[in-house]
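Colleague: Got a minute to go through this one with me? I'd like to talk about how the chains meet, then the cysteines.
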Amino acid sequence: MAQEASSSTSSKTISLKTGDGEIFEIEASAAKQMKTVQRLIDDLGDDITIPLHNVFSKELPKIIEYYKKDITGEITKDFEAEFVKDLNDDEVKVLFLAANYLDANKLFEFLSQNIADRLESKSVEYVRKYFGVENDFTPEEESKLREERAWSFRGIKEDE
Amino acid sequence: MVVIMQEQQEAVEFHDLPEGCIENVLSFTTPRDVARLSLVSSTFRSAAQSDSVWDKFLPSDYRSIISQCDEEIDNSLYVLSKKDLYVNLTQKPILIDDGKKSFQLDKVDGKKCYMLSARSLFIVWGDTPRYWKWISVPDSRFSQVAELVSVCWFEIRGWINTSMLSPNTLYGVYLVFKASTSRTYGFEYQPCEASILIAGGGGDPVVERNVFLDAERGRRLRYQIVPRRRTGIFSRYLEPPPPPQVEQTESVDDLQKYPKERTDGWLEMELGEYFNEGGDDKEVEISVCEVKGGGWKGGLVLQGIEIKPKPKSC
């Protein structure tokens, strides 16, 4: 592929290919914010379409939207509130995992906060279902832990 | 809106989430949530112990605060995990500033609490033994407390810089004291004037109120025991007791003017409150005085002035 000599980073775009085969463009300066992408660029060069096996076409546009705002310095509390407003729990989880995979720190921190907010004062069982984890404690271990941490259960509806 | 398809779900199974991700989410919750969620699974329990989570709950300047401790305590604190350090600081105050103040974290949300020792306060006539005596008592956190023998002019002042306080917090300011072995007198009917103001602010005090440093009266009001309608001790045994009612001149709101009992055996009198926004460097001046009535007062032991977040139910 023909390459422009000394192209400035700001105008260059990188092609990203999702796990389900779709291609999206992102500005190089935004790609830099995602350390996994940047590492792939460093290894493979910036002319090649970067494959992202664990990110899909449903969530990548949302991530790109976030970083587009980030490079122009326009991320505000209002923007972030709007960004997650219509997302359900599953959608937030998918974005969170993608941000982790992409090593996109700012988005990762923001979504950590959002998930923490969604889990505030929720029961243990609710959190297990949310994260899809099994209870791997023995009944004895569990009752001992509950006893030690009884104070933290006050006011929590356990069957939520 | 967005539907997660089967084949996608396989690639992004949530339970494969690395412990570091769980730690990050937990660090944005509260100490209470972290304690409770350690029950979710063994991975959560492990994440819940991590330093990176508890580091976030400790106040950002905790290192410089605990470095003001005496050396022995200081070293032992550094050896603890951040979680144990946090729990330790909520359970037991440490002495800082050469023993002049104590520091602690509030149990509920880790906000900073301080008690200014009596020695660090400005007490008028405090150095004159016939008015105030300095003694040691086993149940004080400080090496010395001030015993009020007898004064006419009762004036106590203390200061704290807002930069030491947690931001975005409503603080209550309390005089911490108790009755001495001799009877407390002079405070039952003559209120003291308590005020909180910004030193050098030139403006009006933030809070000004009248308080009665009389525990007995407060106790009676709290339990709504009325002075008996009939005099004579025998009336108690011969007739049914009169129905409880609050004293005529006072209401439940007036409870604010009397000391409350603390769990450590001392009393605390709320002198006022102060909302600390944070990010500034102002001196808050706290004072409690009775200098107008002219009566003699005595029989108190003063531990200090405590500044701690007001309980949320207030």
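Modeller: Sure. Keep in mind that this is a predicted model. Across the interface of chain B and chain A, the rule finds 0 salt bridges.

Colleague: Okay, and how many residue pairs are in polar contact between chain B and chain A?

Modeller: There are 11 such pairs between chain B and chain A, counting pairs with both residues at pLDDT 80 or more.

Colleague: Which helices of chain B supply at least two residues each to the side that touches chain A?

Modeller: Helix H1 (6-11), helix H2 (19-27), helix H3 (31-37) and helix H4 (42-48) of chain B each do that. The largest share comes from H3(B), with 6 residues.

Colleague: What's that side of chain B made of, by class?

Modeller: The side of chain B touching chain A has 18 nonpolar, 8 polar and 6 charged residues.

Colleague: And how much area do chain B and chain A bury between them?

Modeller: About 3,500 Å², with 68% of it on carbon and sulfur atoms. The contact takes 32 residues from chain B and 42 residues from chain A.

Colleague: Switching to cysteines: how many disulfides are there over all chains?

Modeller: The count comes to 0 over all chains. Take B:Cys289: the nearest cysteine sulfur belongs to B:Cys192 and is 8.1 Å away, whereas a disulfide needs the sulfur atoms within 2.5 Å.

Colleague: Is B:Cys289 buried or exposed?

Modeller: B:Cys289 is buried, because its relative accessible area is 12%, and the cut-off for buried is under 20%.

Colleague: What about B:Cys21, buried or exposed?

Modeller: B:Cys21 is buried too, with a relative accessible area of 2%.

Methods: Residues are numbered from 1 along each chain as its sequence is written. Chains are lettered from A and ligands numbered from 1 in the order in which they are written. This is a predicted model: local features need pLDDT of at least 70, side-chain atom pairs count only at pLDDT 80 or more; totals for chains, interfaces and linings use all residues. Side-chain values use heavy atoms; hydrogens and water are left out. Contact means heavy atoms within 4.5 Å. Buried area is the accessible area (1.4 Å probe) that two parts lose on being put together, summed over both. A salt bridge is a side-chain nitrogen of Lys or Arg within 4 Å of a carboxyl oxygen of Asp or Glu. A polar contact is a pair of N or O atoms within 3.5 Å; within protein, one must be able to donate a hydrogen and the other to accept it, and residues adjacent in sequence count only if both atoms are side-chain atoms. Helices (H or I, at least four residues) and strands (E, at least two) are DSSP runs, numbered from the N terminus. Ala, Val, Leu, Ile, Met, Phe, Trp, Tyr, Cys and Pro count as nonpolar, Asp, Glu, Lys and Arg as charged, and the others, Gly among them, as polar. Buried means under 20% relative accessible area, exposed over 50%, partly exposed in between (1.4 Å probe, protein chains only).
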